[in-house]
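Visitor: Could you walk me through how to read a few features of a protein model?
Guide: Gladly; let us put it on the screen.

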Amino acid sequence: MTANIGSSIENIRYEQNMYGGKLHGVPNLFTFSNINTSTSESSQSGYRKVKQSVFGTFQFGYKSMAYLDFTARNDWASTLAQSNTKSFFYPTVGLSGIITDIFDISTDWMPYMKLRVSYSEVGNEPDLFLTIPTYKIVSGYPETQTRMPNTDLKPERTKSWEAGANFVFFKNKLKLDATFYKSSTYNQFFEPTLSSSSGYTSVIVNAGRIDNKGIEIGARYSDTFGKFHWSSYLTYSLNRNKIVELLPGWTNPVTGEIISLTELDMDGTGSYKMILKEGGSMGDIYVNTLRTDEHGAIYVHPTDQTVAAEANTFIYAGNSNPKYNLGWGNDFSWNRISLGFLVTARVGGIVVSHTQAVMDAFGVSQASADARDNGGALVNGKLIPAQEYYQTIGGGSSGGIASMYCYSATNVRLAELTLGYDIPVNQWVKWVKGMNVLFVGRNLFFFYNKAPYDPELTAHTGTYYQGVDYFMMPSLRNLGFSVKLQF
């Protein structure tokens, strides 16, 4: 039995004091005394956040064959001050066993088999100042806030199940790892709008349930043929998520108004947005379209031969997440030479390129050049003026038609290539045991990619602004080498 108990205190104090403005009489002298007071600006902000925790881990093992693990943690967070929830508790439990040892069934073709299952919970406290009325001081007077304080906030919680197995076959030559998981996230933080009669415009509430489930599988085969060694490995993973519930009903304690949400617009650009819908998935992309006629063809104005956007209409284009991911790698060694490569594939998903749209709108893309050379853009089997067409469907964030710039995110690339050599330096320098020189190349090139940019790149680190390209930096090919000495 192994046990650990402990506690932790997280104490964060943040202060920001700023003063600035246009310079006054002396160029390039950045001092307070040289700031024009008529244009000066000053601000102060800060906060203190404290989280106190107690935790413990316990493991019970039997003859190095079976293990039972527990963890537990309880947090007291200052961000829940004056709320009805004073603390939150989240545990984990896991059970694993080496089946071939427990039942003594180890053989040459399957010398090892291990099964495992676990359950875990994770808690996440809300942001600052959501449960306590807090007022900014503006020009020496308190400024009322428009967001209603909510003393009924609870921590966000994620509950997860995981089951897996490890197998070894053929005298340790073939190894298989497989994992299945399912998780549900509850009590997420939403900000619905309120009616003006409440005295506030919005409030942060707990709502929502997002389910995730997926599979991760890995296999590796290794063998030696004289001086030649070969190792090949394959990985496969997929994840599916579903928005089970958003906000079924929240009662405003001031007005008694019941607020519910079955759809939430997470915004985006003028032609692209992410919308959360019950029954949908995180990462669903919606785009605007060109106007069509009664036959479903693109509408072209009969006199000036132009197209137009369908007003206030967004359609589902797809999801930014892949259907599954694959990786295949190989390592070879012979005498002192080693060679390795890794090919990765992302299969499925939709991306939108505003970069391509803006280039089309300005007439600097290959597509717009081809249209000019051909006498116009081909729409419904007929040529129409290229400039007016591309200035309508292009336009980037301020406008354009994003449905014309949706691409498959499927791509296959050479993710890594290594070439190494062990130099027998110990033949000349006795106190050096060995020396290895290794060339490493990463993200070298695509075998397949239909999008006009690298679909693995992201324009934003947030949750809801994925699958869109807006003049991002291009992906990089990295070339390098390493030298390793052993003494």
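Guide: We will look at a sheet and its helix, then some hairpins, backbone angles and a surface patch. Keep in mind that this is a predicted model.

Visitor: Let me begin with sheets. Which strands form the open sheet of three, and in what order?
Guide: The order is E25-E22-E28, with mixed pairing. Strand E25 (406-408) and strand E28 (468-469) are the edge strands, each pairing on one side only. Strand E22 (residues 350-353) runs parallel to E28, and two bridges join them. You can find the register from serine 353, whose bridge partner in E28 is aspartate 469.

Visitor: What packs on that sheet?
Guide: Helix H2 (residues 354-361) does, and it touches E22, E25 and E28. The direction of H2 makes about 35° with that of E22.

Visitor: How should I think about which way the residues of a helix point?
Guide: Here is the general idea: an α-helix has 3.6 residues a turn, so residues three or four places apart point the same way. For H2, burial goes well beyond a single stripe of that kind to inspect: the buried residues are His354, Thr355, Gln356, Ala357, Val358, Asp360 and Ala361.

Visitor: Why is H2 described as largely enclosed by the rest of the structure?
Guide: Because seven of its eight residues are buried, where buried means under 20% relative accessible area. The cover over those residues includes strand E17 (272-277), helix H3 (366-373) and helix H4 (386-393), along with E22, E25 and E28.

Visitor: E17 turns up in that cover. Is E17 itself enclosed or open, and what are its neighbours?
Guide: Five of the six residues of E17 are buried, so E17 too is largely enclosed by the rest of the structure. As for neighbours, strand E16 (residues 263-268) runs antiparallel to E17, with four bridges between them. Aspartate 265 stands opposite isoleucine 275 in E17, and a hairpin of three residues links E16 to E17. E17 also pairs with strand E18 (residues 284-290), in the antiparallel sense over three bridges. In that pairing, tyrosine 272 has valine 287 in E18 as its bridge partner.

Visitor: How many residues lie between E17 and E18 in their hairpin?
Guide: Six, and glycine 279 in the turn has a positive phi of about 95°.

Visitor: How do I read the sign of phi?
Guide: Most residues other than glycine have a negative phi. A positive value elsewhere therefore deserves a look on this background. Asparagine 28 is one case, with phi near 60°. Asparagine 28 is found in the loop between strand E1 (2-20) and E2, and at 63% relative accessibility it counts as exposed. Asparagine 443 is another non-glycine with a positive phi, about 55°, but its setting is strand E27 (residues 434-449).

Visitor: Last topic: which residues form the nonpolar patch on the surface?
Guide: Met1, Ile5, Phe58, Phe60, Leu68, Phe70, Val93, Leu95, Val117 and Trp161 form it, and together they have about 970 Å² of accessible area. Strand E2 (41-62), strand E3 (66-77) and strand E4 (88-98) are the elements giving two or more residues to the patch.

Visitor: Where is valine 117 found, and is it buried or partly exposed?
Guide: Valine 117 is found in strand E5 (residues 112-124). Its relative accessibility is 38%, so valine 117 counts as partly exposed.

Methods. Residues are numbered from 1 along each chain as its sequence is written. This is a predicted model: local features need pLDDT of at least 70, side-chain atom pairs count only at pLDDT 80 or more; totals for chains, interfaces and linings use all residues. Side-chain values use heavy atoms; hydrogens and water are left out. Patches are made of residues with over 30% relative accessible area and no salt bridge: like charges are joined within 9 Å, nonpolar side chains (Val, Leu, Ile, Met, Phe, Trp, Tyr) within 5 Å. Accessible areas come from the Shrake-Rupley method with a 1.4 Å probe; for residues, only the protein chains shown count as cover. A salt bridge is a side-chain nitrogen of Lys or Arg within 4 Å of a carboxyl oxygen of Asp or Glu. Buried means under 20% relative accessible area, exposed over 50%, partly exposed in between (1.4 Å probe, protein chains only). Two strands pair if DSSP finds at least two bridges between them. Contact means heavy atoms within 4.5 Å. Axes are lines fitted to C-alpha atoms, for helices over the stretch in contact, and angles run from 0 to 180 degrees between N-to-C directions.
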